[in-house]
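Visitor: I would like to know how the labels on a model like this are justified. Please take me through the reasoning behind a few of them.

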Amino acid sequence: MTLGEAEIGKTVIVKKIEGDAAYKKRIMDMGLTKGTEVYIRKVAPLGDPVEVTVRGYELSVRKEDAKCVEVI
């Protein structure tokens, strides 16, 4: 399952990040690293962006970026 597919109100754990090295670094700089718990707060009405809570702060992630973060 990807971050973009996770249900609102659920807490998931980052398993893997897909993409090239520069893309992975950008995602990890946002705090989304392997093993991190992520709470899915809400999704915009048209599905983009996804708002999550990670490491104590709120983060909005584009749907395209959320597809590249594999979670369990």
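Guide: What follows is a set of questions about salt bridges, burial and strands in this predicted model.

Visitor: Why is the contact between Lys16 and Glu18 called a salt bridge?

Guide: The side chains of Lys16 and Glu18 have N and O atoms at 3.5 Å. The cut-off is within 4 Å, so the pair qualifies.

Visitor: What makes Lys16 and Glu18 count as buried, partly exposed or exposed?

Guide: Buried is under 20% and exposed is over 50%, with partly exposed in between. Lys16 has 44% relative accessibility, so Lys16 is partly exposed. Glu18 has 34%, so Glu18 is partly exposed.

Visitor: How do you know that Glu51 and Arg41 form a salt bridge?

Guide: Their N to O distance is 2.6 Å. That is within 4 Å, so the label applies.

Visitor: Where in the chain do Glu51 and Arg41 lie?

Guide: The salt bridge between Glu51 and Arg41 links distant parts of the chain. Glu51 is in strand β3 (residues 50-54), and Arg41 is in strand β2 (residues 37-43), ten residues apart.

Visitor: Why do Glu51 and Arg41 get their accessibility labels?

Guide: Glu51 has 18% relative accessibility, which is under 20%, so Glu51 counts as buried. Arg41 has 34%, between 20% and 50%, so Arg41 is partly exposed.

Visitor: What makes Arg62 and Asp65 a salt bridge?

Guide: The closest N and O atoms of Arg62 and Asp65 are 3.3 Å apart. This is within 4 Å, so the rule is met. Arg62, Asp65 and Arg26 are linked in a network of salt bridges. By this rule, the count comes to eight salt bridges.

Visitor: Is Asp65 buried or exposed, and what about Arg62?

Guide: Asp65 has a relative accessible area of 3%, under the 20% limit, so Asp65 is buried. Arg62 has 48%, which is not over 50%, so Arg62 is partly exposed.

Visitor: What is the order of the strands in the sheet?

Guide: The open sheet of five strands has the order β4-β3-β2-β1-β5, with antiparallel pairing.

Visitor: Why do β4 and β5 stand at the edges?

Guide: β4 (57-61) and β5 (69-71) each have a single partner strand, so one side of each is left without a neighbour in the sheet. The twist averages 45° from one strand to the next.

Visitor: How do you know that β1 and β2 pair?

Guide: Pairing needs at least two bridges. Strand β1 (residues 11-17) and β2 have three bridges in the antiparallel sense, so they pair. Val12 stands opposite Val38 in β2.

Conventions: Residues are numbered from 1 along each chain as its sequence is written. This is a predicted model: local features need pLDDT of at least 70, side-chain atom pairs count only at pLDDT 80 or more; totals for chains, interfaces and linings use all residues. Side-chain values use heavy atoms; hydrogens and water are left out. Buried means under 20% relative accessible area, exposed over 50%, partly exposed in between (1.4 Å probe, protein chains only). Helices (H or I, at least four residues) and strands (E, at least two) are DSSP runs, numbered from the N terminus. Axes are lines fitted to C-alpha atoms, for helices over the stretch in contact, and angles run from 0 to 180 degrees between N-to-C directions.
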